[in-house]
Amino acid sequence: MSSSGTSGGALHRGTVRETGGGVYVVALDSGEVGEASLRGRIKQQARTGSRVVIGDRVEVSQVDGVWTIEEVEERRTELVRRGRGRSAKILVANLDRIFVIVSLREPRASTQLVDRLLVLVESSDMQPTLVLNKMDLEDTREAAEAYAQLYRSVGYEVILASAEAGTGIEELEARVCSGSSAFIGPSGVGKSTLLNAIAPELGLKTGALSRKTGTGRHTTVGSRLIPLACGGLVADTPGFGDVGLWALPPENVAACFPEFAEYTDSCRFRGCTHVHEPDCAVLEALAAGEIPQSRYESYVRLREEAVEAAKR
Ligand code: GDP
Ligand code: ZN
């Protein structure tokens, strides 16, 4: 055995699969899974903001059967949500893709909500796929087509789905069964039902069941990355639905609207906010119908929120 570990034992690389209550379940690259605690030095760092989260790549020492996380590797990606106060809260590290799930009815999506979720993902430097669920419900066809047309026109991949009728499940499966993913969206849109349709072995609680007491096997408030039988990993994290303000500098909001990109360099003023300036190329594109009205309205609203948040 080598003695490269800082505390004497050999170091093993792995991925954090579950967190909660100070315990970290780590899946080592060798296939072994066990519970680890954090080395004090890392705990210190965690207190100052950079917590260890699911998806983190770590180095673990094993001494007398006790597992300790010694190092956390640099992250490829971070899904960030604004926490209390001004601090950003990192939810999941190293995800390969994020699905933004909304439903066409019960609850009915709005462009404001969709844009807010898309911006959340964009601000984490990740590429979202939009999933419109509950296509089986009556009078959803028109809205589904309008949303699909709008969001495809600005460059997003859109999947029309019904967990109930089995629509879109194969398309989701093709993307979820490799790498690691997260489903984000408001509660009640069908995230758990869709996951159960892809991977029945999960047996996740869904809206109808979760109102009863004691139905769930997993009653922890922590987060987990769930391995699917088909090969991928899916994040299950409380708080994905609740998308509040986030610690996004106001000047970064425009970059979260990919369809603005081809215009922003042509504005007369550097640092143009695209709200009131003369010779603003974004406003001109809006007037010419090249940027959808609803997207621009979301931009203005989210930018205002970011300005307010930055004042606190
Ligand atoms: P979550 O909070 O996003 O995980 O939502 P759930 O998966 O718990 O689903 C909320 C409710 O919507 C449950 O009563 C589901 O049965 C229902 N639901 C989920 N997907 C569909 C769907 O495609 N069509 C219909 N009609 N109902 C659905
Ligand atoms: Zn401008």
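Analyst: A residue counts as buried when its relative accessible area is under 20%, as exposed when that value is over 50%, and as partly exposed in between. The structure above is a predicted model, and we can begin with Ser 103, which has its place in strand S8 and which, with a relative accessible area of 1%, is buried.

User: How should I read Ser 123 by that rule, and in which helix is the place of Ser 123?

Analyst: Ser 123 has its place in helix H2, and its relative accessible area of 24% makes it partly exposed, because the range for that class begins where the buried class, under 20%, ends. Leu 120, which also lies in helix H2, has a relative accessible area of 5% and is therefore buried.

User: What does a polar side-chain atom of Ser 123 lie 2.9 Å from?

Analyst: For such a pair the cut-off is a separation within 3.5 Å between N or O atoms. In this case the partner of the polar side-chain atom of Ser 123 is the backbone oxygen of Leu 120, at 2.9 Å. Ser 103 offers a second example, since a polar atom of its side chain lies 2.6 Å from the backbone oxygen of Pro 107.

User: Where does Pro 107 lie, and what kind of peptide bond joins Glu 106 and Pro 107?

Analyst: Pro 107 lies in the loop that leads from S8 to H2, and the peptide bond between Glu 106 and Pro 107 is cis, with omega at about -5°.

User: Which residues have a positive phi although they are not glycines?

Analyst: Two cases can be read here, and each is worth placing in its loop. Asn 94 has a positive phi of about 60° without being a glycine; Asn 94 lies in the loop between strand S7 (88–93) and S8, and at 8% relative accessibility it counts as buried. His 274, likewise not a glycine, has a positive phi of about 65°; its place is in the loop between helix H7 (261–264) and helix H8 (281–287), and its relative accessible area of 4% makes it buried.

User: Why is strand S9 largely enclosed by the rest of the structure?

Analyst: The general idea is that the side chains of a regular strand alternate between the two faces of the sheet. Strand S9 (residues 128–133) has six of its six residues buried, and so it is largely enclosed by the rest of the structure. Taking the faces in turn, Pro 128, Leu 130 and Leu 132 are buried on one side, while Thr 129, Val 131 and Asn 133 are buried on the other, which leaves both faces of S9 covered.

User: Which strands pair with S9, and how many bridges join them?

Analyst: Strand S8 (residues 97–103) runs parallel to S9 and is joined to it by six bridges, and within this pairing Phe 99 stands opposite Thr 129. Strand S10 (residues 157–160) also pairs with S9 in the parallel sense, here over four bridges, with Leu 132 standing opposite Leu 160. The connection from S9 to S10 passes through helix H3 (residues 141–153), and this β-α-β crossover is right-handed. S8, helix H2 (residues 111–123) and S9 also form a right-handed β-α-β unit.

User: How do separations along the chain and in space differ for Leu 120 and Val 100?

Analyst: Leu 120 and Val 100 are 20 residues apart in sequence, whereas their C-alpha atoms are 9.8 Å apart in space. Read in the same way, Ser 123 and Glu 78 are 45 residues apart along the chain, and 9.7 Å separates their C-alpha atoms.

User: Which residues come nearest to ligand 1, and which polar atoms lie by it?

Analyst: There are 18 residues around ligand 1, and of these Asp 136, Gly 188, Ser 192, Thr 193 and Gly 207 come nearest. Asn 133, already met in S9, has a polar side-chain atom 3.2 Å from a nitrogen atom of ligand 1. An N or O atom in the side chain of Lys 134 is 3.0 Å from an oxygen atom of the ligand, and a polar backbone atom of Ala 163 is 2.8 Å from an oxygen atom of ligand 1. Taken alone, ligand 1 exposes 580 Å², of which the protein buries 81%.

User: Which elements give two or more residues to the shell around ligand 1, and how does the shell divide by class?

Analyst: Those elements are helix H5 (191–198) and helix H6 (207–210), with H5 supplying the largest share, three residues. By class, the shell holds five nonpolar, nine polar and four charged residues.

How values were computed:
Residues numbered from 1 in each chain as written. Chains lettered and ligands numbered in written order. Predicted model: local features only at pLDDT ≥ 70, side-chain atom pairs only at ≥ 80, totals over all residues. Heavy atoms only, no water. Buried < 20%, exposed > 50% of the residue type's maximum accessible area, 1.4 Å probe, protein only. Pairing = 2+ DSSP bridges. Right-handed = clockwise from strand over helix to strand, strands pointing away. Near = heavy atom within 4 Å. Polar contact = N/O pair within 3.5 Å; in protein donor to acceptor, adjacent residues only side chain to side chain. Areas by Shrake-Rupley, 256 points an atom, 1.4 Å probe, with all protein chains shown as cover. Nonpolar A, V, L, I, M, F, W, Y, C, P; charged D, E, K, R; others polar.
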